[in-house]
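Student: I should be grateful for a close look at how two helices pack against each other in this structure, together with the spaces that adjoin them. Please treat the matter as one connected account.

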Amino acid sequence: MARPIISIKNVTKRYPGVVAVDDVSFDIMPNEFFALLGPSGCGKTTLLRMIAGLETSGTGDIIVDGQNMDGVPANQRPVNMVFQSYAVFPHMSVRDNVAYGLKVTGVAPAEIKPRVEDALEMVQMGAMADRKPDQLSGGQRQRVALARALVKRPKVLLLDEPLSALDAKLREHMQLELARLQQVIGITFIIVTHDQDEALSMADRIAVMEKGAVRQIAGPEELYEKPHSRFVADFIGKINLIDATVSGASQAGVTCQAKGLGRVVVPHDGPASGTVSLAVRPEKLTLSDKAPSSGPDISAKGVIRDVAYYGDVSNVFVTCADGLELAVNVQNDRAAAGLLENGREVYASWHPSDTLILQE
């Protein structure tokens, strides 16, 4: 197997009264698009800045391309960073912004021009090389910041919430652009984000962080379909979490007494006991105004409390027995016409195999 381009080994960073990064260990492989995902204050930006050398090291080791970074200053590390604020120089042209880093590090002028042109072509900004930043859109300024980082030819590109200042439509476009760019260039990208859609759409693997610790590392599909904990399940996408108590187990699965559902049997690999959460994604549920026929499905009778319309789908919120609240994604087609009305009595159903049992 290839050697990791970055190894994080038992890294801890403390500030007075808080542990920002708590004994974190993982590897990032060459040419991987890796995301650090989590809520504000979870330690993801602190960890990225430690990799960059912009934050003093705590305990543990950060190894980049086989070299321990302990004591290595930021400007001597084989990484470069793109910040949320772009930080492009307003008085310089696009070309001069991209060339600046090469000039201050003493690269020969004859080498600077072709490298700048290559970097601008990578981000599709060659035609705007003579413009000033105030003549560019937000997305174009972000591309300039990317080109300025890429022109240094780092082995790892670090991205600190690089799209958060963009509007929703442009942010979605730039997500696809970044993923394309990473594949074309073939270097390791590490992005910090609190936006789970952003991480899911771009990254090969995602580390979900909470309170300084890494809760799970996996690819987007595994994180979404098989979260290891209630926190990860709730943070990645929308999900119904139902309180339950395990009452037994058999070859058929784990038997639980669940809030608003009564006795249910759920397939499950591994041990399960005590208080658990049953987790099911809203798109796995179906709604009907008729009671389901006897069968394996889990079903709950309830009343539609609210409907949020999103064009092709609606998010429907159903209040069931014992105060159980279920969210259901419904396609807005003829079958749904007339069904999605506040106060209407409905049945929400799903297959037991679409249910996860979460211990944490």
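Tutor: What follows takes the helix pair, then the cavity, then the pocket. The model is a predicted one.

The pair in question is helix 4 and helix 5. In general, two packed helices are described by the angle between their axes and the distance between the axes. For helix 4 and helix 5, the axes come within 11 Å and cross at roughly 20°. Because angles under 35 degrees count as roughly parallel, helix 4 is roughly parallel to helix 5. Their crossing is right-handed.

On the side of helix 4, the contact is made by G138, G139, Q142, R143, L146 and L150. Helix 5 answers with L170, H173, M174, E177, L178, L181 and I185. By class, the residues of this contact comprise seven nonpolar, four polar and two charged.

The cavity can be considered next. The structure holds one cavity of 30 Å³ or more, and the volume of the largest cavity is about 40 Å³. Its lining consists of M122, V123, R143, L146, M174, E177, L178, R180 and L181. Helix 4, which spans residues 138-150, and helix 5, which spans residues 168-185, each supply at least two of these lining residues. Helix 5 gives the most, with five residues. In this lining, six residues are nonpolar, none is polar and three are charged.

The two lists can be read side by side. R143 and L146 of helix 4 belong to the helix contact, and R143 and L146 also line the cavity. In the same way, M174, E177, L178 and L181 of helix 5 take part in the contact and appear in the cavity lining.

Helix 4 also has a part in the largest pocket. This pocket has a volume of about 650 Å³. It is lined by 25 residues, of which A74, V79, N80, M81 and K152 are the closest to its centre. Helix 4 is one of the elements that give two or more residues to the pocket lining, along with strand 6 (79-82) and helix 2 (94-104). Strand 6 gives the most, with four residues. The pocket lining divides into 16 nonpolar, five polar and four charged residues.

To draw the account together, helix 4 packs roughly parallel to helix 5, supplies at least two residues of the cavity lining, and gives two or more residues to the lining of the largest pocket.

Terms used: Residues are numbered from 1 along each chain as its sequence is written. This is a predicted model: local features need pLDDT of at least 70, side-chain atom pairs count only at pLDDT 80 or more; totals for chains, interfaces and linings use all residues. Side-chain values use heavy atoms; hydrogens and water are left out. On a 1 Å grid over the protein atoms alone, a cavity is a set of points where a 1.4 Å probe fits but cannot get out, and a pocket is an open set with protein on both sides within 12 Å along at least five of seven lines; lining residues have an atom within 4 Å of a point. Grid points are joined across faces, edges and corners, and a volume is the space filled by probe spheres set on the points. Ala, Val, Leu, Ile, Met, Phe, Trp, Tyr, Cys and Pro count as nonpolar, Asp, Glu, Lys and Arg as charged, and the others, Gly among them, as polar. Axes are lines fitted to C-alpha atoms, for helices over the stretch in contact, and angles run from 0 to 180 degrees between N-to-C directions. Angles under 35 degrees count as roughly parallel, over 145 as roughly antiparallel, 65 to 115 as roughly perpendicular and the rest as oblique. A crossing is left-handed if the near helix is turned anticlockwise from the far one by less than a right angle, and right-handed if clockwise. Contact means heavy atoms within 4.5 Å.
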